[in-house]
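Subject: the model we talked about

Hi,

Here is the structure I promised to pass on. Have a look at it first, then read my notes underneath.

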Amino acid sequence: NQRRESHAQISSERLSNKAITWIDQSQQNQPWFLWVHYFDPHHIYQPHEGLTRGEEPLELYAGEVAFTDMHIERLLKHLETVGLKENTLVLLVADHGEEFQEHGGSMHRRTLYEEVLRVPLIIRMPGLAPTRVTQPVSMVDLAPTLYELLNIAPPAGLQGRSLAAALRGKSMPAATQIAELE
């Protein structure tokens, strides 16, 4: 199956290996940006020994998430090992969730229920205390947030709003959130 072969080519293990190699070969005395797009928690779900606890789609998906989490952890530990943890902003976000018959459907791109829309957004930045932002935010807010946290002037016309104040424990007014299907 071509999709299964493609899935193996972009596995979390391989992506973390490539990211670690890139970090080790890069000039770390200047600012850098690395985007690692993990793809394992996408259909067609693959079982992972010791991580997948069954053959149902939700169990396979949970195994894929655990597998990806394990390799993200390996990448983050490498940042620490090479002395970059305290000088690196890390942002982790999912582009969508998955539906497993909660409302009669499966996967994504079919509904706008919470299980598809509510995704993890984690930002770890040296000097920024851990906090939880409970109000809904949007991915369109990520670029303005990064620009502010990194003290870089954003380009003109950038959409979204910075979440930096909320990440610093300050309240922010609610904003309208929009989600749509094709």
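Below is what I found, roughly from the inside out.

A word on the source: this is a predicted model, so I kept local features to a pLDDT of at least 70 and side-chain atom pairs to pLDDT 80 or more, while totals for chains, interfaces and linings use all residues. Residues are numbered from 1 along each chain as its sequence is written, and side-chain values use heavy atoms, with hydrogens and water left out.

**Confidence**

The pLDDT (the predictor's confidence in each residue, from 0 to 100) averages 88 over the chain, and 94% of the residues score at least 70. Helix 5 (residues 142–149) has the highest confidence, at a mean of 96, and helix 1 (residues 2–9) the lowest, at 57. Where pLDDT is low, the predicted coordinates should not be read in detail. Helices here are DSSP runs of H or I with at least four residues, strands are runs of E with at least two, and both are numbered from the N terminus.

**The cores**

I looked for nonpolar cores, meaning sets of buried Ala, Val, Leu, Ile, Met, Phe, Trp, Tyr and Cys residues joined through side-chain atoms within 4.5 Å. Buried is under 20% relative accessible area, exposed is over 50%, and partly exposed is in between (1.4 Å probe, protein chains only). The largest core has ten residues, among them Leu15, Ile23, Tyr38, Ile72 and Val90. Two elements give two or more residues to this core, helix 2 (12–25) and helix 3 (57–81). Helix 2 supplies the largest share, four residues. Ala19, another member of this core, touches Leu34, Val36 and Leu75, leaving out residues up to four places away in sequence; a contact here is heavy atoms within 4.5 Å. There is also a second, separate core of six residues, including Ile123, Leu149, Ala164 and Leu167.

**Helix 5**

Leu149 brings us to helix 5, where Leu142, Pro144, Thr145 and Leu149 are buried. Looking down the helix axis, these buried residues fall within an arc of 165°, so they line one face; the arc is that of the directions from the axis to the C-beta atoms. They pack against strand 1, strand 4 (121–124) and helix 6 (164–167). Just after helix 5 comes Asn151, with a positive phi of about 55°, although this residue is not a glycine. Asn151 sits in the loop between helix 5 and helix 6 and is exposed, with a relative accessible area of 74%.

**Aromatic pairs**

Rings of Phe, Tyr and Trp (its six-membered ring) count as a pair if their centres lie within 6.5 Å; planes under 30 degrees apart are stacked, over 60 edge-to-face, and the rest tilted. The structure holds four such pairs. In one of them, Trp22 and Trp32 have ring centres 5.5 Å apart and planes at 55°, so the pair is tilted. Trp22 is in helix 2, and Trp32 is in the loop between helix 2 and helix 3. Both are partly exposed: Trp22 has a relative accessible area of 33% and Trp32 one of 27%.

Tyr45 and Phe100 form a tilted pair too, at 6.2 Å centre to centre and 40° between the planes. Tyr45 lies in the loop between helix 2 and helix 3 and Phe100 in strand 2, so the pair ties together parts 55 residues apart in sequence. Both residues are buried, and ring pairs link them with Tyr61 into a cluster.

**Glu98 and its surroundings**

So what does the side chain of Tyr45 join through a polar contact? The partner is Glu98, at 2.7 Å. (A polar contact is a pair of N or O atoms within 3.5 Å; within protein, one must be able to donate a hydrogen and the other to accept it, and residues adjacent in sequence count only if both atoms are side-chain atoms.) Glu98 lies in the loop between strand 1 (90–93) and strand 2 (99–100) and is buried, with a relative accessible area of 5%. Leaving aside neighbours within four places in sequence, Glu98 is in contact with Tyr45, Tyr61, Met107, His108, Glu115 and Val116.

Asp95 is also placed in the loop between strand 1 and strand 2, but is partly exposed, at 48%. Its contacts, again without neighbours within four places, are His42, Val119 and Met139.

One last detail: a cis peptide bond joins His43 and Ile44, with omega about 15°. Ile44 is in the loop between helix 2 and helix 3.

Cheers
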